[in-house]
Amino acid sequence: MLIGASISAYFILPTVDQVGQAESAFSSLLWISNFYFSLLNIDYFGIRAENNIFLHTWSLSVEEQFYLVWPILIIVFSTITKKKSYPVKILKVMLVAIIALSLIVNVFSTYTNHTKVAFYMMPLRAWQFALGALVFIAITQCSTASLACRNTASLGGISLILISVITLKNSSLYPGIYALSPTAGAALLIWSGHAGSGERTTLSRLLSHPICRYFGNISYSWYLWHWPVFVLGAHIYPEESATTIAMIFLSLALAIATYHIIEKPARYSTYFFPTSTSTLIRSGALTAVLLCTAYIWTTHLEYTLDNNKHSKYEQARNDQPRIYDMNCDDYHRSSHVVLCEFGNPNAKKTAVIMGDSIGLQWFSAYEKIFNNKDWRLLVLTKSSCPINGESIYDDVIKREYTECMEWKSSAFSMIQIIKPDIMIFGSAYYYNYTLEQWEYGTEKVLQKISPFVGEVYLIRGTPVLNFNAPTCLSKYSNDQDKHENCQSRIEPEKEDPVWKAQQKALQKYDNAMPLDLNRYVCPEGVCLAEDDYIIHYRDHKHISSTYAHALAEEMRVEMRRAKQANTSK
């Protein structure tokens with residue numbers, strides 16, 4: 001799978017998107033991809049791990065890491081029980097202790113903003129492995145379980161799994177307590193199918209059908225193939241509704257082929273692996289060759305990006321305001337307010353910029369406008385935190401974003417003390433608010449800041465592309481029609497109602513004015529990823545810092561127009 005998926009990625013994906021694939025392939029070969037993906041998602045602006053063709057290898061890494069620790073636990077257990085007459089009881093106690101400790105830490109981490117650690121790290125998943133060991137002990141010690149008891153257990157197991165299928169959502173905090181249901185369900189199913197003697201359970205008879213057993217045999221291969229096929233398929237056919245079904249059958253076909261051609265011969269053939277020693281040596285040699293290949297792939301990509309036109313697209317990905325290198329944004333970690341200061345600290349006039357990452361994508365333009373000795377420029381920013389008086393649910397931490405509300409409250413208090421001459425605030429338009437919440441939430445913000453600020457400007461959220469700009473530009477870098485291929489039309493039915501609701505709130509305050517630059521970003525309703533000189537977007541929703549700087553004069557003009565229109569009201 002690693003070889004086939006890597007070769008496919010090399011020919012299908014743009015060069016700038018291959019670096020992460022090569023790095024994850026390398027970490028997968030070392031059985032540490034769970035660490036790689038856990039760290040990858042910490043970066044708010046980074047490429048999401050879900051776009052990586054080797055994301056699913058995290059579970060294999062966790063499994064192999066547990067197998068490294070398990071022998072140590074067995075040695076410790078053997079030492080403790082060497083002279084004991086009841087070793088199985090001690091083993092049970094040890095397993096229960098592992099389950100309790102690992103599960104408690106897992107649940108605690110899940111609900112204290114460490115969900116990625118709880119999901120990817122082996123020690124926090126050890127309770128599931130230990131439960132499997134307990135099930136094995138229960139099977140070996142309970143050979144008299146009645147058929148009725150086992151049927152009940154199998155029904156309970158399948159019910160728990162179905163409950164998980166129905167109740168688990170993208171917003172669910174997983175693993176945490178949500179992992180209990182599918183794990184317990186699987187344990188009950190395994191026990192009911194093996195415990196006792198005599199007649200098999202109804203579910204066991206069903207699962208023993210040759211068709212079910214065949215799918216069980218190829219399930220590992222299917223697991224290996226399904227994710228790279230889905231990711232690469234979505235890249236080739238991003239808009240096709242039939243892609244999912246086609247990818248299911250393609251991954252199944254690959255699973256069947258590799259099971260019969262590679263997996264089955266490798267497991268049972270004495271020609272390729274005649275002894276345990278030869279198996280270890282040949283497997284190690286193959287892994288070493290693949291590691292070298294992954295390293296060469298990564299090095300080649302880095303050299304290519306450094307020495308040809310693709311490098312400008314990679315640079316565009318990182319073309320973000322310098323405030324993020326200065327730790328002005330504390331992200332989701334806390335409600336602490338970080339006030340970053342620019343310009344003349346002793347200036348007579350002060351401008352405050354407040355917003356999420358969309359509001360602050362314009363920082364280079366703000367800095368250019370207020371770049372003289374008369375102005376002090378202050379920045380207050382928190383990513384994924386809309387400048388709105390209503391609370392918000394956050395999909396990353398999967399709960400109400402209380403830190404955002406606390407941060408805004410502290411920031412508003414700070415603004416009331418500073419009393420700036422100008423304040424510009426703004427957010428993305430796609431937060432999950434109703435139109436009433438957009439209007440009244442904006443009004444709540446203005447109630448807190450308007451009496452303490454000379455001029456207030458609300459900058460409109462910019463349109464979202466239906467593609468990643470650097471990725472698209474790299475893909476069509478040799479195409480004369482790349483501008484046509486890498487453009488997106490705005491969706492006024494989504495954007496306009498939000499902007500109108502916000503403007504209603506602005507109209508209630510004499511010093512509050514709208515600031516709309518979208519006609520420059522997307523002239524005539526068409527958003528280009530790049531013109532002849534500048535890459536406009538650094539991903540699918542943030543404009544590049546270079547492009548924001550280029551629009552500074554347009555922003556200055558729009559601020560002047562907004563002020564004139566407000567004066568003539």
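Contact here means heavy atoms within 4.5 Å, and with that in hand we can look at who packs against whom. Everything below comes from a predicted model.

**Figure 1. The whole chain, with its 23 helices and ten strands.** Before zooming in, here is the overall picture. Measured out along the principal axes, the C-alpha atoms fill a box of roughly 90 × 50 × 45 Å. Of the 569 residues in the chain, 46% are buried. Take the contacts between residues at least 6 apart in sequence, and 78% of them join residues at least 24 apart. The chain exposes about 29,200 Å², with carbon and sulfur atoms supplying 61% of that area. As for charge, there are 49 positive and 49 negative ones, and their mean positions sit 9 Å apart.

**Figure 2. The largest nonpolar core, seen around Tyr 366.** This core has 88 residues. Trp 362, Tyr 366, Phe 370, Ile 424 and Met 555 are the ones with the most contacts inside it. Helix α5 (residues 87-110) gives the largest share, seven residues. Another core, of 36 residues, lies apart from this one; Ile 358, Val 445, Ile 449 and Trp 499 are among its members. Back at Tyr 366, and leaving out residues up to four places away in sequence, the partners it touches are Ile 353, Gly 359, Leu 377, Ile 424, Ile 459 and Met 555. For background, nonpolar side chains in soluble globular proteins tend to be buried together.

**Figure 3. Helix α9 and the helices its buried residues pack against.** With 15 residues, α9 reaches 21 Å from its first C-alpha to its last, close to the 21 Å expected at 1.5 Å a residue. Its buried residues are Ser 181, Thr 183, Gly 185, Ala 187, Trp 191 and Ser 192. They pack against α7 (126-141), α8 and α10 (202-207). Zoom in on Thr 183, a residue of this helix. Thr 183 counts as buried because its relative accessibility is 13%, below the 20% cut-off. Beyond the residues up to four places away in sequence, Thr 183 touches Trp 127, Gln 128 and Leu 131.

**Figure 4. The cis peptide bond from Tyr 174 to Pro 175.** Omega is near 10 degrees for this bond. Pro 175 belongs to the loop between α8 (147-167) and α9 (180-194). As a reminder, most peptide bonds are trans.

**Figure 5. Helix α2, largely enclosed by the rest of the structure.** This helix has 15 residues and spans 22 Å from first C-alpha to last, close to the 21 Å expected. Twelve of its 15 residues are buried, so α2 is largely enclosed. The buried set includes Thr 15, Val 16, Asp 17, Gln 18, Val 19 and Ala 22, and several of these turn up again in the next two views. What follows the helix is Trp 31, with a positive phi near 60 degrees.

**Figure 6. Leu 301 of helix α13 (residues 276-307), next to residues of α2.** Leu 301 counts as buried because its relative accessibility is 2%. Leaving out residues up to four places away in sequence, Leu 301 touches Thr 15, Gln 18, Val 19 and Ala 22. Those four are on the list of buried residues in α2. Follow the chain on to Asp 319 and you have gone 18 residues in sequence, with 20 Å in space between the two C-alpha atoms.

**Figure 7. Thr 471 and its contacts in helix α18 (residues 469-475).** With a relative accessibility of 11%, Thr 471 counts as buried. Setting aside neighbours within four places in sequence, Thr 471 is in contact with Pro 14, Val 16, Asp 17, His 235 and Arg 317. Val 16 and Asp 17 are buried residues of α2.

**Figure 8. Two loop residues with positive phi, Trp 31 and Asn 327.** Most residues other than glycine have a negative phi, so here is a look at two with a positive one. Phi is about 60 degrees for Trp 31, which sits in the loop between α2 (15-29) and α3 (33-40). For Asn 327, phi is near 60 degrees, and the residue lies in the loop between α14 (310-317) and β1 (340-343). Are they buried or exposed? Trp 31 is partly exposed, at a relative accessible area of 38%, whereas Asn 327, at 58%, counts as exposed.

Technical notes. Residues numbered from 1 in each chain as written. Predicted model: local features only at pLDDT ≥ 70, side-chain atom pairs only at ≥ 80, totals over all residues. Heavy atoms only, no water. Buried < 20%, exposed > 50% of the residue type's maximum accessible area, 1.4 Å probe, protein only. Areas by Shrake-Rupley, 256 points an atom, 1.4 Å probe, with all protein chains shown as cover. Lys, Arg positive; Asp, Glu negative; His and termini not counted. Charge placed at Lys NZ, Arg CZ, Asp CG, Glu CD. Core = buried A, V, L, I, M, F, W, Y, C linked by side-chain atoms within 4.5 Å. Expected span 1.5 Å × (residues − 1).
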